[in-house]
Amino acid sequence: MNKRLSRCVNIDDLRKLAKKKLPAALFQYIDGVAEDGYTGRSNRNAFSRYQLVPKTLVDVEEIDCSINLLGETHSSPLILCPTAFTRSFHHLGEVAVAKAAKKADLVYALSTVSNTSIEDIAEIGSKRWFQIYVYKDRALLMDFIKRAKDSAYQALCLTVDASTPGNREHDMRNGLVIPPRPSLNTVLEAGLHPYWCWHMLTSPPIVTANIQGDSRLDSSSDPKALLKYMAEQLALNISWDDVAWMMGEWQGPFLIKGILHVEDAMKAAELGVDGIVVSNHGGRQLDHAPSPLEVLPEIADAVGDKCEIIMDSGFRRGTDIIKALALGANACMIGRPYLYGLAAGGEAGVDRALQILDAELKRNMRLLGCTSIEQIKSSCLRKIR
Ligand SMILES: Cc1cc2nc3c(=O)[nH]c(=O)nc-3n(C[C@H](O)[C@H](O)[C@H](O)COP(=O)(O)O)c2cc1C
């Protein structure tokens, strides 16, 4: 690992390094949130409303972070979120993330809008889920489902909070273009971000890999046209019937990502989903939505014994993970922490992000007096009124 990465001792250090390495518009695309950032801030602030109350004189020599999720044993409660267009942040994108996930024995949920195909990520052999949206074209959906099944993805994760993009004003102000292209600013960018620019210019073009070259589409090779096509395919009139249909097509572990309302959690459990991801998309969609941590206890009470509860949005510290587990989450998903690592140093940067969170989780479990994930309970917490 290079010196700059090893000097990053927490996720915020990786964020600062990522900021230096990326053109400003791309860094803000990762870092930014919707509208006034109420939800973005709540995602972090919610963790501060709980204190961890340690129990002492416990033998904490051995720490076991393993969990059982969807019938499989995993060595940690961490999962890597689906994130779109990751080759914009580092030329190796999803490949770097999947390789790091494999080394750490973590699940990586591949985004439909990835720059590496379903099949190429499967080749790497990491634990893998496939994230999908409800698209208008059922044939396209069935094709994705079949490909994920043929490539032995272990679960299908339907994202339901993004049928229309959140209002991310920084991207508009920055005139952000995805996939990024050399622009008038290129000369300036090359000076400020030489590594990123060099790789952008010398690596294969960034494409929407899962539909690139699809012979059913008119402009099957133009990345911009394909991205526009994918965006237009997002269905606004989605319903629980679509979920039931998709579960029938998939016939395997099925999760819904983007649940915040307890009634939705109950409906999902009634339909027989295997898990829900309590998430506000990292504050990128509906501003003024609550943070997942705030609604987690109510949701865990209602459906904790019926399906797996995974939480994402705002995890930056091992203590955050402990708090979510104590409030009823079975696992925790991270997005930006590994993207900061990716932008800061490719695969080694993702490794670093995962090492940091793993070390913090274990250290703080020791300090709290918990030697296994099952021992992390609401009695470890004290809510600040
Ligand atoms: C740059 C970026 C791209 C994302 N792309 C997707 C996506 O393609 N599909 C999806 O379901 N969620 C996507 N998300 C949301 C993440 O899966 C996750 O919900 C969020 O990042 C969690 O919050 P955190 O970044 O604070 O950990 C994206 C998030 C970011 C930051």
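## Positive phi in the loops

E35 sits in the loop that runs between α3 and α4 (38-48), and in this predicted model the residue has a positive phi of about 40 degrees although it is not a glycine. With 16 other C-beta atoms within 10 Å, E35 is classed as partly exposed. Such a backbone angle deserves a second look, because most residues other than glycine have a negative phi.

Q251 also has a positive phi, in its case of about 55 degrees, and is likewise not a glycine. Its place is in the loop between α12 (240-250) and β8 (254-259), where Q251 counts as exposed because it has 10 C-beta neighbours inside 10 Å, and 12 or fewer is the limit for that class. A further positive phi, near 60 degrees, belongs to D105, which follows α5.

## Helix α5 and its cover

Helix α5 comprises residues 93-104, 12 residues in total, and spans 17 Å from its first C-alpha to its last, which is close to the 16 Å expected at 1.5 Å a residue. The helix is mostly covered, since 10 of its 12 residues are buried. The buried positions are G93, E94, V95, A96, V97, A98, K99, A100, A101 and A104, so that the charged residues E94 and K99 are listed as buried together with nonpolar ones.

Which elements cover the buried residues of α5? They include the strands β4 (78-80), β5 (107-110) and β6 (127-132), together with the helices α6 (118-124) and α16.

## The nonpolar cores

The largest nonpolar core has 105 residues, and those with the most contacts inside it are L80 and I276. To this core α16 gives the most, with 14 residues. Apart from it lies another core, of five residues, among them V113, I206, V207 and A209. In soluble globular proteins, nonpolar side chains tend to be buried together.

The surroundings of L80 can be described in detail: leaving aside its neighbours within four places in sequence, L80 is in contact with V97, A101, L106, V107, Y108, A109, I334 and Y338. Of these partners, V97 and A101 are among the buried residues of α5, while I334 is also the bridge partner of L80 in β11.

## Parallel strand pairs

Strand β8 is mostly covered, with six of its six residues buried. It pairs in the parallel sense with strand β7 (residues 155-159) over four bridges, and K257 in β8 is the bridge partner of T159. β8 also pairs in the parallel sense with strand β9 (residues 275-278), again over four bridges, and here I259 stands opposite V278 in β9.

Strand β11 (residues 331-334) likewise has two parallel partners described here, of which β4 is joined to β11 by three bridges and β10 (residues 308-312) pairs with it over three bridges. In the pairing with β10, I310 stands opposite A331. A331 and M333 point one way from β11, whereas C332 and I334 point the other way, and all are buried. In a regular strand the side chains alternate between the two faces of the sheet.

## T112, between β5 and α6

T112 has its place in the loop between β5 and α6. Is this loop residue buried or exposed? T112 counts as buried because it has 24 C-beta neighbours inside 10 Å, and 20 or more are required for that class.

Leaving aside its neighbours within four places in sequence, T112 is in contact with Q131, I132, Y133, F144 and N210. The C-alpha atoms of T112 and F85 are separated by 9.6 Å, although these two residues are 27 residues apart along the chain.

## The shell around the ligand

Among the 22 residues around the ligand, C81, S111, G282, G335 and R336 come nearest. By residue class, the shell divides into nine nonpolar, 10 polar and three charged residues.

Two helices, α3 (24-31) and α16 (336-368), each supply at least two residues of this shell. α16 therefore appears in several parts of this account, as it also gives the most to the largest nonpolar core and is included in what covers the buried residues of α5.

Key
Residues numbered from 1 in each chain as written. Predicted model: local features only at pLDDT ≥ 70, side-chain atom pairs only at ≥ 80, totals over all residues. Near = placed C-beta within 6 Å. Expected span 1.5 Å × (residues − 1). Contact = placed C-beta atoms within 7 Å. Core = buried A, V, L, I, M, F, W, Y, C linked by C-beta atoms within 7 Å. Pairing = 2+ DSSP bridges.
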